[in-house]
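Me: I am a first-year student, and I would like to understand how the labels given to parts of a protein model follow from the values behind them. Could we go through a few of them slowly?

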Amino acid sequence: MVGVSERARTRARAEGVRAARAEPLRLLVPPHPEPLSTLIANGLIHLIGRAQPDAEVEVRRLGGAHAVEVRGAAVDWGEAHALLIDELSFVARVLREGCGALAEALAPWRQRLASALRGIAEVAPVERIEGEYADPEHASKEGWGRRRELQERYGYGGAPTALLFLAPWAGKRRGGGRYSVCPLCFSLALAGLTRATAVITYREGRAAGAVFATPDPVSAGLIDAAQLQLAFGEARFELGREPPAEAAPLLALGGAALLPVEGEWAVCAWKLEYPRGGSPRVKELVRLRALRQFSLREGARASRSRR
Ligand SMILES: [Zn+2]
């Protein structure tokens, strides 16, 4: 596996075992503006679920951040890192080959993103995540005009800019430059986008664009998160009409709306428009506290009480 040494894996395992014997592991996903925060949280939860399916995970939104608590089984962060590298390598290939709804939705950034992905997951400090995401100041080390600082801190020379589709509010330059994030946040956000985000492209007359929607765990566990991430992450299609961003959760879940999912959920949805010959622009960015309206929770209870 590129970039992940056996020694790093062994060290991560040893540290993981130590963590399993002691207190629960507590991580704080740094509070970036939306949808970046939710994408990072989803990427992290997905990664924990893949690297350690036996872990008990509790996610709670705390203002702009997500607190993630892991109990019961230790996460092998070396393994998690290897999975993240695989994931982003696959995304890079999809973008290079330009196939599927994700590549179409990201078409304006395909080349930039493919080069940004080159090597970024390899330098993401996944094995040090306990230190990185225990630090409440983590996010304050990122932001507008922090590119050089981040490059020095993490020693990478790729593209740390949060691109428009990851951070619509950061698409334009401000005094100090574009909004930059560390390779860990960037890589996890990409994993959240590819594994837990509905991507609905549309063409209506001369207008074209894409709506993205990702579930936001307000208070949830791993199994429910995994189910919702799968339902959203598999929703990839094109519409002949432009949908409002508010409709994205319903469109994305479709027949899966009665999944027995518990917990408290919101949805983060955003719409980008790609004017012919012009630069992409943000049309909508909304946070919906609406999943209960789709009977996810009540539906689950009702179906259980009928048994
Ligand atoms: Zn970061």
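Reply: Let us begin with exposure: a residue is called exposed if 12 or fewer other C-beta atoms lie within 10 Å of its own, and buried if 20 or more do. Please keep in mind that this is a predicted model.

Me: Why is Arg276 called exposed?

Reply: Arg276 has 7 other C-beta atoms within 10 Å, and the cut-off for exposed is 12 or fewer, so Arg276 is exposed. Arg276 sits in the loop between strand E9 (264-273) and strand E10 (281-288), and its C-alpha is 7.7 Å from that of Ala207, although the two are 69 residues apart in sequence.

Me: How do you know that the span of helix H3 agrees with its number of residues?

Reply: Helix H3 covers residues 77-97, which is 21 residues, and at 1.5 Å a residue these should span 30 Å; because the end C-alpha atoms are 30 Å apart, the two values agree. After H3 comes Gly98, which has a positive phi, near 65°.

Me: What is the omega of the peptide bond from Glu34 to Pro35, and where does Pro35 lie?

Reply: The omega is near 5°, and the bond is cis, while Pro35 belongs to the loop between strand E1 (25-29) and helix H2 (36-51).

Me: Which elements have the lowest and the highest mean pLDDT?

Reply: Helix H12 (residues 296-306) has the lowest, 42, and H2 has the highest, 97. Over residues 293-307 the pLDDT is below 50, and this stretch has 17 contacts in the model beyond near neighbours in sequence. For the protein, the mean pLDDT is 84, with 82% of residues reaching 70 or more.

Notes
Residues are numbered from 1 along each chain as its sequence is written. This is a predicted model: local features need pLDDT of at least 70, side-chain atom pairs count only at pLDDT 80 or more; totals for chains, interfaces and linings use all residues. Helices (H or I, at least four residues) and strands (E, at least two) are DSSP runs, numbered from the N terminus. The expected span of a helix is 1.5 Å times one less than its number of residues. pLDDT is the predictor's confidence in each residue, from 0 to 100. Two residues are in contact if their C-beta atoms, placed from the backbone, lie within 7 Å.
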